[in-house]
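Reader: Could you take me through the empty spaces in this protein, and then through one of its helix contacts? I would like to begin with the terms.

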Amino acid sequence: MTRIAAVHGALAPYRFAQADITDMVAAACLPRGADRRVLDRLHRNAGVRSRHMTLPLDRYGTLDGFGAANDLYITTATDLGARAVRDALRAAGLSASDVDLLVFTSVTGVAVPSVDARVAVRLGLRPDVRRVPLFGLGCAGGAAGLARVHDFLLGRPEQVAVLLSVELCSLTFQRGDASTANLVATGLFGDGAAAVVACGADRADAFTGPTVVDSRSRLYPDAGGLLGWDIGDSGFKVVLDPGIPQALRHHLADDVREFLGDHGLKPQDVTAWVCHPGGPRILESVTDALDLPAEELALSWRHLAEVGNLSSSSVLHVLRDTLTERRPPPGTPGLLLAVGPGLACEWVLLSW
């Protein structure tokens, strides 16, 4: 088994109310004098009250191109990521020298050396630490990263692994772009990080967190154009198709039931659903497809309202909140799930 020893979330330094962010987006993205009623409606319907962002609001309108945004990504992701890992290790009662593997997932910037290498040096991880940087998984990266940590620890039960997610979504917002996809993204995404410390079976008795039982990935190539980036001179331009919820309604129920059924379980056996808060329509699609009571995803809805969608970090924040606020009965199953580009789903079966 893989035991989760600690989960820690961190947020970018500046917090703003949704209405203030909407005003910034109107100034940065809409033509002068344009009707902003569509923007106001999209931001109002995003289910978000406030978000944390990397910069003061007045800096976004003057951020000069992809290079400048990516330079900020590298420095801020390293700072925020180092803080998340350090605090997660402290919560687990472990030190930097205990870490054997560092998995890093992000989709909002690029760096070579990668951010995980910079974090490893900053925190003094061992020179022989294994590193696995993951890019392109989008919002599914937190779930997929946890699954890959589990795969590693199955073969090395005496070792310790850390998953780090850092997403600075606000640095990808496109100035002068009044497309619906960009306006939706600017109303939905925020900036944050999360770190998970996990250990193999030989060290599991030292911790009380849930165990990872199994994981599964599912790729839907017929829906591959629904979600992702168009990468150009201005950086990452979001692809966000309104057909995503319908694709989930079509695929999700059968695939989740099959995964749970392979372990002798049914959806009603799951005592906590740790769902990525991708947005109101995503959460509604998951609820409808799996026929869940509305309160099952209450923590995901709250996370969305308080900090927005943090891409790959969000599902790990919801996992943290589940463990600290709504810890399910011991020995019962939980399911962590997220959706990302591909179109892809990632599921991690937990035992509390």
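Author: A cavity here is a set of grid points where a 1.4 Å probe fits but cannot get out. Please bear in mind that this is a predicted model.

Reader: How many cavities of 30 Å³ or more are found in the whole structure?

Author: The search finds one cavity of that kind.

Reader: What volume of space lies in the largest cavity?

Author: About 40 Å³ of space lies in the largest cavity.

Reader: Which residues line the largest cavity?

Author: Its lining is made up of Leu 252, Cys 275, His 276, Ile 282, Val 286, Leu 337, Ala 338 and Val 339. By class, seven of the lining residues are nonpolar, one is polar and none is charged.

Reader: Which elements each supply at least two residues of that lining?

Author: These are helix H9, residues 280-290, and strand S12, residues 333-340. The largest share, three residues, comes from S12.

Reader: Let us turn to the pocket. How much space lies in the largest pocket?

Author: The largest pocket holds about 560 Å³ of space. It is lined by 24 residues, and the closest to its centre are Val 184, Leu 188, Leu 240, Gly 278 and Arg 281.

Reader: Which elements give two or more residues to the lining of the largest pocket?

Author: They are helix H2 (37-44), helix H7 (180-188), helix H8 (244-261) and H9. H7 gives the most, with four residues.

Reader: And how does the lining of the largest pocket divide by class?

Author: There are 15 nonpolar, six polar and three charged residues in the lining of the largest pocket.

Reader: A change of topic: at what angle do helix H4 and helix H5 pack?

Author: H4, residues 65-92, and H5, residues 115-123, pack at about 55 degrees, and their axes lie 9 Å apart.

Reader: Why are H4 and H5 described as oblique to each other?

Author: Angles under 35 degrees count as roughly parallel, and 65 to 115 as roughly perpendicular. The angle of about 55 degrees fits neither range, so H4 and H5 are oblique to each other. Their crossing is right-handed.

Reader: Which residues make the contact?

Author: H4 contributes Tyr 73, Ile 74, Ala 77, Thr 78, Asp 79, Gly 81, Ala 82, Val 85 and Arg 86. From H5 come Val 115, Arg 118, Val 119, Arg 122 and Leu 123. The contact of H4 with H5 has eight nonpolar, two polar and four charged residues.

Notes
Residues are numbered from 1 along each chain as its sequence is written. This is a predicted model: local features need pLDDT of at least 70, side-chain atom pairs count only at pLDDT 80 or more; totals for chains, interfaces and linings use all residues. Side-chain values use heavy atoms; hydrogens and water are left out. On a 1 Å grid over the protein atoms alone, a cavity is a set of points where a 1.4 Å probe fits but cannot get out, and a pocket is an open set with protein on both sides within 12 Å along at least five of seven lines; lining residues have an atom within 4 Å of a point. Grid points are joined across faces, edges and corners, and a volume is the space filled by probe spheres set on the points. Ala, Val, Leu, Ile, Met, Phe, Trp, Tyr, Cys and Pro count as nonpolar, Asp, Glu, Lys and Arg as charged, and the others, Gly among them, as polar. Axes are lines fitted to C-alpha atoms, for helices over the stretch in contact, and angles run from 0 to 180 degrees between N-to-C directions. Angles under 35 degrees count as roughly parallel, over 145 as roughly antiparallel, 65 to 115 as roughly perpendicular and the rest as oblique. A crossing is left-handed if the near helix is turned anticlockwise from the far one by less than a right angle, and right-handed if clockwise. Contact means heavy atoms within 4.5 Å.
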